[in-house]
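Let's take a walk through this protein chain, starting with its overall layout and ending up among its aromatic rings.

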Amino acid sequence: MLPYIEQENLYRQFNLTVPFQAASNQMAPPNDAFVRELKVYRCPSDVRQEKRWGSYFAVSGGGATPDCGNTACSAANERASYVRGMMYAGSKVRLTDATDGTTNVFLVGESRYGNAFWGASAKQDTCSYARNLAGAQERINLHAGQGVHDTRGFSSYHTGGAMFCMGDASVQFVRESIDLNVYRNLGRRDSGQVGGLP
């Protein structure tokens, strides 16, 4: 997305032939010296002191249970992974793949759960995951703060809900009281349920 938000020079610094989970993509030293704050990735309502953290997660899918997980890394399988949304690790999904219609599919959602920069990854032992992806599984604002639930939902510092960018580029405030099944289906590009937002 960087070339489309007047960040072409920053975009050219990335080696796009390297997998996201490679050590060369980690935020740890020495790479942390190259991290840049982009205000466009931060909600004005985000009160966290670390200014380089982003406020938005890509929506990787949705549903009552994840499409896959990482039980090898965590017996409790806290990290949830989805592949039925518009963006997930290694995705080559196109807008035309949103068979529910782009007005009925989340693209990006707001989150206060994470503590990473947009596009970052994490690697722990033999496990890795993209730090800015989440699925529409748990209710919006279900948890009070950050934690291992960060891949299972969305949150914000707004009262009563969170902001989402839809596949058609419209931005919607989604209430935390939204029907849970509708919310989960909005996370998927091909749920077959196109009721959309109330």
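Before counting anything, it helps to know what counts: helices here are DSSP runs of at least four residues (H or I), and strands are runs of at least two (E), numbered from the N terminus. Keep in mind that this is a predicted model. With that in hand, the chain has two helices and seven strands. Follow the sequence along and you get the pattern α-β-β-β-β-β-β-β-α.

How is the chain packed? Of its 198 residues, 42% are buried. Take the contacts with a separation of 6 or more: 61% of them are between residues 24 or more positions apart. As for the outside, the accessible surface comes to about 10,700 Å², and carbon and sulfur atoms account for 52% of that.

Now for the rings. A pair of aromatic rings is described by the distance of the centres and the angle of the planes. Rings pair up if their centres lie within 6.5 Å, and by that rule there are four aromatic pairs. One of them joins F164 and Y183, with 6.3 Å from centre to centre and 80 degrees between the planes, which makes the pair edge-to-face. F164 belongs to strand β6 (residues 161-166) and Y183 to helix α2 (residues 180-186), so this pair ties together parts that are 19 residues apart in sequence.

Are these two rings' residues buried or exposed? The cut-off for buried is under 20% relative accessible area. F164 has 1% relative accessibility, so F164 counts as buried, and Y183, also at 1%, counts as buried too.

F164 and Y183 have company: ring pairs link them with F106 and F154 into a cluster. Elsewhere, a charge meets a ring, as the charged end of R112 sits over the ring of Y157, 5.8 Å from its centre.

Methods:
Residues numbered from 1 in each chain as written. Predicted model: local features only at pLDDT ≥ 70, side-chain atom pairs only at ≥ 80, totals over all residues. Heavy atoms only, no water. Phe/Tyr/Trp six-rings, centres within 6.5 Å; stacked < 30°, edge-to-face > 60°. Buried < 20%, exposed > 50% of the residue type's maximum accessible area, 1.4 Å probe, protein only. Lys NZ or Arg CZ within 6 Å of the ring centre and 35° of its normal. Contact = heavy atoms within 4.5 Å. Areas by Shrake-Rupley, 256 points an atom, 1.4 Å probe, with all protein chains shown as cover.
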